[in-house]
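Good morning, and thank you for making time for this presentation. I would ask you to look at the sequence and the structure together as I speak.

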Amino acid sequence: MKGPYPDIQGGGSLLLAWQIRNKRVLVVGGGEVAAGRIVNILNADAKVTVVSPRDGLNDEVAYRIEQKQVEHVDRKFEPSDLDGVDMVLTAVDDPDASTQIWKLCKEKKIAANIADVPPECDFYFGSVHRDGPLQIMVSTNGNGPKLANIVRRQIAAGLPKNIGAAVQRVGMLRKKLRKVAPNIEEGPKRMQWMSKVCEQYTLEELCSMTEDDMEMLLGFYRPGTVPSLEEVRLQEPDGAYDGPFLI
Ligand SMILES: C[C@@]1(CC(=O)O)c2cc3[nH]c(cc4nc(cc5[nH]c(cc(n2)[C@H]1CCC(=O)O)[C@@](C)(CC(=O)O)[C@@H]5CCC(=O)O)C(CC(=O)O)=C4CCC(=O)O)c(CCC(=O)O)c3CC(=O)O
Ligand SMILES: NC(=O)C1=CN([C@@H]2O[C@H](COP(=O)(O)OP(=O)(O)OC[C@H]3O[C@@H](n4cnc5c(N)ncnc54)[C@H](O)[C@@H]3O)[C@@H](O)[C@H]2O)C=CC1
């Protein structure tokens with residue numbers, strides 16, 4: 001019999017938003033695959049070290065090194081490279097080296113992605129769409145990386161143009177709200193109010209919210225009710241809003 005709870009499908013992977021900021025990531029190899037990995041982890045503000053002989057670097061990786069976006073160790077991998085490292089990504093054209101690194105990572109319990117050996121990966125990369133603070137990742141769980149890319153681009157094409165900006169504005173408002181209603185016991189009401197703002201305002205309205213609008217809106221803060229943005233702006237002393245009601 002079908003129960004009231006979600007069915008378990010199994011066989012998937014756990015998609016998470018890993019907070020790797022300021023953690024140390026070791027990239028072994030400096031070719032095309034490494035270049036893609038480096039973009040992903042720099043976008044998450046990690047501290048990146050690339051171990052790869054200089055003559056094997058592709059142009060993009062060489063550029064990252066030259067710009068000091070990553071540190072570079074100009075030689076092949078050595079086990080001591082794993083000291084103090086939080087995550088390892090290998091992208092080398094040498095299966096024996098990959099396997100050696102994977103074994104060492106297992107011993108040291110360091111999470112690793114071994115680009116050429118899916119069964120040895122603790123996690124896979126996915127195809128990621130990024131728009132400001134919004135990220136959308138598509139995974140086919142190893143079945144079809146190119147298809148992941150195609151699905152991701154299709155999803156991105158269907159998104160509202162200003163969705164990233166709306167997310168950024170909502171982030172600002174949530175931060176300010178926590179200052180206005182900081183107490184833990186206010187949590188459920190605060191969350192309901194925030195959900196209501198997101199549902200009630202259009203994306204255009206969310207994007208257009210200035211800091212003055214936010215301060216004024218929060219001045220109205222009463223759990224359970226959300227005034228329209230028009231009402232909020234009418235209260236602003238600097239006449240920030242000159243819509244139809246001001247005539
Ligand atoms: C398992 C996984 C482990 C991992 O690397 O994390 C893995 C493994 C392998 N990929 C291979 C090939 C290709 N990979 C791409 C592209 C991407 N690969 C990515 C992820 C993943 N690749 C993980 C599973 C993700 C999932 O299933 O959803 C993406 C999504 C993310 C990223 O790499 O950052 C990125 C798109 C980025 C974007 O769109 O933005 C292309 C297309 C291209 O290059 O244009 C091709 C050629 C076409 C094809 O094969 O589809 C091969 C060699 C196969 C062989 O030798 O035949 C292996 C090894 C194997 O399968 O044995
Ligand atoms: N997961 C994925 O999305 C994909 C994985 N691959 C696999 O990833 C691997 C790397 O691919 P590419 O970047 O295109 O190769 P590449 O040949 O462009 O680069 C390999 C790099 O590894 C370096 N290297 C080799 N041995 C090393 C060692 N012992 N220590 C440090 N650096 C070392 C080389 O100097 C070079 O910079 C290949 O095995 C390929 O089959 C390929 C395409 C996609």
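Over residues 160-227, the chain of this predicted model is 69% helix and 0% strand. The C-alpha atoms at the two ends of that stretch are 24 Å apart. An unreviewed UniProt entry annotates residues 160-227 as "domain: Siroheme biosynthesis protein Met8 C-terminal".

Let me turn to the chain as a whole. It contains nine helices and seven strands. Its radius of gyration is 24 Å, whereas the globule rule gives 18 Å for 247 residues, so the chain is more spread out than a compact globule. Along the principal axes, its C-alpha atoms fill a box of roughly 75 × 60 × 40 Å. Of the 247 residues, 23% are buried. Among contacts with a separation of 6 or more, 53% join residues that are 24 or more positions apart.

I come now to the interior. Which residues touch the most other members of the largest nonpolar core? They are Val25, Val27, Val28, Ile38, Val48, Val50 and Val88, within a core of 28 residues. Several elements each supply at least two residues of this core, including strand 1 (24-28), helix 1 (32-42), strand 2 (47-51) and strand 4 (87-90). Helix 2 (59-66), helix 3 (95-108) and strand 5 (111-114) each do so as well. Another core lies apart from this one; it has eleven residues, among them Leu177, Leu206, Leu217 and Val232.

Val27 deserves a separate remark. Leaving aside residues up to four places away in sequence, Val27 touches Ala34, Arg37, Ile38, Val48, Val50, Leu89 and Ala91.

For contrast, please find Glu71, which lies in strand 3 (residues 71-73). Is Glu71 buried, partly exposed or exposed? A residue counts as buried with 20 or more other C-beta atoms within 10 Å, and as exposed with 12 or fewer. Glu71 has 14 such atoms within 10 Å, and is therefore partly exposed. Glu71 and Lys47 are 24 residues apart in sequence, and their C-alpha atoms are 8.4 Å apart in space.

Finally, a word on confidence. The average pLDDT of the chain is 93, and 96% of the residues score at least 70. Where does pLDDT stay under 50? It does so over residues 242-247, for which the model has three contacts beyond four places in sequence. For the complex, the predictor gives an ipTM of 0.96 and a pTM of 0.91.

Thank you for your attention.

Key:
Residues are numbered from 1 along each chain as its sequence is written. Chains are lettered from A and ligands numbered from 1 in the order in which they are written. This is a predicted model: local features need pLDDT of at least 70, side-chain atom pairs count only at pLDDT 80 or more; totals for chains, interfaces and linings use all residues. A nonpolar core is a set of buried Ala, Val, Leu, Ile, Met, Phe, Trp, Tyr and Cys residues joined through C-beta atoms within 7 Å. Helices (H or I, at least four residues) and strands (E, at least two) are DSSP runs, numbered from the N terminus. Two residues are in contact if their C-beta atoms, placed from the backbone, lie within 7 Å. pLDDT is the predictor's confidence in each residue, from 0 to 100. UniProt positions are given in the numbering used here, feature names are shortened, and annotations may be inferred rather than shown by experiment. The radius of gyration is taken over C-alpha atoms; the globule rule is 2.2 Å times the number of residues to the power 0.38.
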